[in-house]
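Reader: Can you walk me through this one? I'd like the main contacts and the surface.

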Amino acid sequence: MRRWKARLILLSFLCGALYFADQRYDYFRLRGLEIAPAGILQDTTVWQSLPRVSERFWPSLFWEKRGFAREIEGAYPVEIRLTASGWGRYKVSIIPLEPMLYVSWNSDMWLLSKNGRMWRTDLPSNASVKGLKLPDKPILAWDSGLATPIDPDAQGGGIFRSSLPLTKIKKWYDMLEKVGWEDDIYCVLAKKIDGRPVVQLLLGSGDGQPGEVVLKEDTANWSSIAAAMAKVFSGAAGPVPKGLVVNATYADSMTFTVTSRDNR
C-alpha cells in the first residue's frame, strides 16, 4: 500500500510539474504547421480546420488527425496527409485530387477522381484549389435506372465517396483508347436495356444525329466488334456513320445489327 501511495505522489508531482511548465512556458502549445506545397489551399483554411484543443496541446492533433483531414477533404477536392515534424510541429501535405472523368448524373455534371471521390463541377471550393486538372475524356453519363453513384451518408461538405465501379469503368475507357474510338466519342452512357447493363457510345460532337454503338458492359469482345465494324464501315469518317445504330449486345459475341435511329 505504501508503495502505491509513493507512486501516486510521484505521479501527481510529475503532472503538476508538467502543468506548471506548460502554463509558464507554453511547452505543449502547437508551434507551427508546415503546409506543403504552398498555395494549393489558403493557409487560413488549414488553420481554421484544426481542433481548438490541439493549439493548446499539440499531441492531441496526432490522435485527431483523421477528423482534421476529413473536415478539409469533405469540403475541398484534396487529399490531406499529416505527419509530426518536430516538437510541437506538423507537416500538412495537400494533394489535389485527380479528376478522371466528367459524370452526368441526376441532371447535374460531376467530377470523378481516380481515388473514388465525386463532387459537382459547380462546387465553389473548386476555385480555391490550385493545381486541379480537369479531364479531357468523353463524358460518362450514368443513367438514373442504375445504382446511385454516391454514398449520401458519407458526405463531408460537397465531396462524396463514389460507389461507381471504377475498375470496370477504367476498362471501358482503356478499351476505347485501344481500339482508337476515344476521339470519336463525346459520351459513354451506362444504362440498362431489358434489364441488362450495357454501354452505349454516342459518336460525333453532340450536334445533329450521332452514330451509336451499344455494347455489353464486359469489354471482352469490344476489340473483335471494332475490327468487324471497321470492315463494314470502311471509308466512313468515324466508327459508325451518323444516324446509324450498331447493337452488339447479342449472346453471339461476333453478331451485331445496324439500324437507323429514325427506325428504332
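Author: We'll go through confidence, aromatic pairs, salt bridges and a surface patch.

Reader: Confidence, then. What is the average pLDDT of the chain?

Author: This is a predicted model. The chain averages a pLDDT of 86. 85% of the residues score at least 70.

Reader: Which element has the lowest mean pLDDT, and which the highest?

Author: Helix 1, residues 2-25, has the lowest mean, at 51. Strand 7, residues 139-142, has the highest, at 98.

Reader: On to the rings. How many aromatic pairs does the structure hold?

Author: It holds 5 aromatic pairs. One of them joins tryptophan 58 and tryptophan 87. Their ring centres are 5.1 Å apart, with 75° between the planes. That pair is edge-to-face, because planes over 60 degrees apart count that way.

Reader: Where do those two tryptophans sit in the chain?

Author: In distant parts of the chain, 29 residues apart. Tryptophan 58 is in the loop between helix 3 (52-56) and helix 4 (59-63). Tryptophan 87 is in the loop between strand 2 (78-86) and strand 3 (89-96).

Reader: Is tryptophan 58 buried or exposed? And what about tryptophan 87?

Author: Tryptophan 58 is buried, because its relative accessibility is 11% and the cut-off is under 20%. Tryptophan 87 comes out at 43%, so it counts as partly exposed.

Reader: Give me another pair. How are tryptophan 105 and tryptophan 110 arranged?

Author: They make a tilted pair, with 5.6 Å between centres and 55° between planes. Tryptophan 105 is buried at 12% relative accessible area. Tryptophan 110 is buried too, at 6%.

Reader: Back to tryptophan 58. Which residues form one aromatic cluster with it?

Author: Trp87 and Tyr90 join Trp58 in one cluster.

Reader: New topic, charges. How many salt bridges are there?

Author: The count comes to 9 salt bridges. In general, side chains of opposite charge can pair when their charged atoms come close. Take arginine 66 and glutamate 73: their side chains meet in a salt bridge at 3.6 Å, N to O.

Reader: Which of the two is buried, arginine 66 or glutamate 73?

Author: Glutamate 73 is the buried one, at 14% relative accessibility. Arginine 66 is partly exposed, at 43%.

Reader: What about one within a helix? Where do aspartate 174 and lysine 170 lie?

Author: Both lie in helix 6, residues 166-178. They are 4 residues apart, about one turn of the helix. Their side chains form a salt bridge at 3.0 Å, N to O. Aspartate 174 is partly exposed at 38%, and lysine 170 is partly exposed at 46%.

Reader: Which residues do shared salt bridges join into one network?

Author: Asp108, Arg120 and Asp122. Within that network, the closest N and O atoms of arginine 120 and aspartate 122 are 2.8 Å apart. Arginine 120 is partly exposed, at 31% relative accessible area. Aspartate 122 is also partly exposed, at 49%.

Reader: Last one, the surface. Which residues make the nonpolar patch?

Author: Val53, Phe57, Phe62 and Trp63 make a nonpolar surface patch of about 440 Å².

Reader: Where is phenylalanine 57 found? How accessible is phenylalanine 57?

Author: Phenylalanine 57 is in the loop between helix 3 and helix 4. Tryptophan 58 lies in that loop as well. At 32% relative accessibility, phenylalanine 57 is partly exposed. Patch residues need over 30%, so phenylalanine 57 passes that cut-off.

Notes
Residues numbered from 1 in each chain as written. Predicted model: local features only at pLDDT ≥ 70, side-chain atom pairs only at ≥ 80, totals over all residues. Heavy atoms only, no water. Phe/Tyr/Trp six-rings, centres within 6.5 Å; stacked < 30°, edge-to-face > 60°. Buried < 20%, exposed > 50% of the residue type's maximum accessible area, 1.4 Å probe, protein only. pLDDT = per-residue confidence, 0-100. Salt bridge = Lys/Arg side-chain N within 4 Å of Asp/Glu carboxyl O. Patch = residues over 30% accessible without salt bridge, like charges linked within 9 Å, V, L, I, M, F, W, Y side chains within 5 Å. Areas by Shrake-Rupley, 256 points an atom, 1.4 Å probe, with all protein chains shown as cover.
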